[in-house]
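Dear colleague,

I am handing over the structure we spoke about, and I would be glad if you kept it open while you read the notes that follow it.

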Amino acid sequence: MLFDAFDVFLFDLDGVIYVGPKALPGAVEALERLRSGGKTTRFLTNNPCMTREQTAARLNRLGIEAAKDDVISSGWATASCLRERQAGSVYVLGDEHLERECREAGLDIVDVNDAEAVVVGWSDDLTLRDIQSAVTRIANGAQFVATNADWSFPGPDGPMMAVGTVVEAIKMASGKTPYIVGKPYPYMFQKALHQAEDWSRAVMFGDTPETDIVGAHRMGISAVLISSGPYTGYSSARDYRKPDAILPDLRSLWDEGLRLERWVPPAFPWPDEIKPGVAGIVMDERGRVLLMKRADNGCWGIPSGHVERGESVEEAIVREIREETGLQVEVKRLVGLYSDPESQVFTYPDGAATQFVTACFRCETVGGALVRTGDETLDVNYFEADRLPEPMLAMHPRWIADALAEESLCIFR
C-alpha cells in the first residue's frame, strides 16, 4: 500500500485536501493517520494570495494539524527565490500577502523605477498601468520572476483569470522570459524536499496533471492523481502528465489492491512546446555530406531549422540551407519524419524545452557557393559519411545513414 511505500507525502490543497470551505472526504482522517505513522507531510499551493500562516490556520480549522513550515506556498517560495537571486529591492505586482512574504524574506518593496526585480503574483486591483510599468522595467533589465504560470482557476460562473495571464502579457510585451517558481517548475518541489534524505521515498498528490503530476515527475518523484471522474489518460508511457496511480480521494491510500507504477524519468526533459522542424542532407560529387558546426552547442550536424508561418516543409529546408550555407538546393525526396523525444527535445539557455517533429530531406545542389553565413554557424564543410567529425548532434548520424540506405524510401521514427 502507498502508506508503506513512501516516507514523504506532498499534497496540493484545493481539489485534494479541500474544496472551498470544506475538507474533502477522508482528507482529515488520512492526514492524521500519516502523521501518527511518522510520515512527513507538506502542502504545496500555487495560490500567492495567502501567507503560509493563513494556509496553516485554514487547515487547522478543518481539523488538519499543520504548521507554517509544513506549507510551501508560491508566494513564500518566490520571496525565498528572490533572496537567493540577490534581488534586494522588488516591485510587487500582487496583493498584501505577497508583499508580506517578500518583506519577511528581507526584501525591500520599492517603486517600479527603483526595482532590481519585478515579481508577478495576483491582485484584483491590478491595472493595465501597473502591468505596463512592469513591462518597461523588465525590458530595461530588471529580473522577471513569477509566482506561477496558471492561466485560470474555476470560478462560480466559469473560468477566472489567474497569474499566468499577467505573466504572458508581460512576456509578450517585454520580450523577456520569466523565472517561474510555482508548480510545475522545480523550485517549490526543491523547497519541499530539501530535508528529505531519499527522494525516491517521496510522492505527490494532486488533481491537475499539467501542474501537480508534471511537476513531481520533473523532480523524478512519483505522482498520484486525485480524480473521481472519468480519466481519459495520455497515450505515451513517457508523458510526464501520466499519473503513477489514480485515487478517488485520500481514503484510498490504504487500499491493499492499489497498484502504483514507479516513475522512471525518461531521458529527455519535459518539453514546453512542440514545433515543426526540417533538416537537409546535401552531398557533393565525391559523396561527402555537408555539415555545419553550430554556435549554440558547438556540435556538427546537417543543416536544420524550423518552419516559418506560411511555408511548406520543402520551402523551409531550401531557405534554411541557403541562409546557413549559401547553397541553392532543390528537394529530391523525403528521407524520414522524426519525432523521438530522446533526440528531438532541445533545452535552450533560457530553460525552455522544445520538441521538434522533423522532416528530413535528401537535397541536391543547383547553385550558389559554399560560405559560412550568419552568427549561428561556426563552420561549414563536406565530410566523408563514414568519418564524421565530433561532436555530432546525436540524431544526425542516423539520419545520414537512412538517407544513404538504398532501400530507404520514407522512414518514420
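Is the crossing of H4 and H5 left-handed or right-handed? Before the answer, please keep in mind that this is a predicted model, and that every value below was computed from it. The crossing of these two helices, H4 and H5, is right-handed.

The helices themselves are H4, covering residues 74-84, and H5, covering residues 96-104, and they pack with their axes 8 Å apart at an angle of about 40°. Because angles under 35 degrees would count as roughly parallel and those from 65 to 115 as roughly perpendicular, this angle makes H4 oblique to H5. If you look at where they touch, you will find that H4 contributes Gly75, Trp76, Ala79 and Leu82, which meet Leu98, Glu101 and Cys102 of H5. Sorted by character, the residues of this contact are five nonpolar, one polar and one charged.

The other topic is salt bridges, of which the count comes to 23. I describe three of them here.

In one of them, Arg201 pairs with Asp7, and their closest N and O atoms are 3.0 Å apart. Arg201 sits in the loop between helix H8 (186-193) and strand E13 (202-206), while Asp7 sits in the loop between helix H1 (2-5) and strand E1 (8-12), so the pair ties together parts that lie 194 residues apart in sequence. Arg201 counts as partly exposed, at 25% relative accessibility, and Asp7 is likewise partly exposed, at 32%.

Another salt bridge joins the side chains of Asp70 and Arg42, with 3.2 Å from N to O. Here Asp70 belongs to the loop between helix H3 (52-61) and strand E5 (71-73), whereas Arg42 belongs to strand E4 (residues 40-45), so this pair ties together parts that are 28 residues apart in sequence. Since buried means under 20% relative accessible area, Asp70 is buried at 11%, and Arg42 counts as buried at 17%.

The last one I describe is formed by Arg319 and Glu311, whose closest N and O atoms are 2.6 Å apart. Of these partners, Arg319 is buried, with a relative accessible area of 10%, but Glu311 is partly exposed, with 22%. This pair also belongs to something wider, in that salt bridges with shared partners join Glu311, Arg319, Glu320 and Glu323 into one network.

With best wishes

Key: Residues numbered from 1 in each chain as written. Predicted model: local features only at pLDDT ≥ 70, side-chain atom pairs only at ≥ 80, totals over all residues. Heavy atoms only, no water. Salt bridge = Lys/Arg side-chain N within 4 Å of Asp/Glu carboxyl O. Helix = DSSP H or I, 4+ residues; strand = E, 2+ residues; numbered from the N terminus. Buried < 20%, exposed > 50% of the residue type's maximum accessible area, 1.4 Å probe, protein only. Axes fitted to C-alpha atoms, helices over the stretch in contact; angles between N-to-C directions. Parallel < 35°, antiparallel > 145°, perpendicular 65-115°, else oblique. Left-handed = near helix turned anticlockwise from the far one by under 90°. Contact = heavy atoms within 4.5 Å. Nonpolar A, V, L, I, M, F, W, Y, C, P; charged D, E, K, R; others polar.
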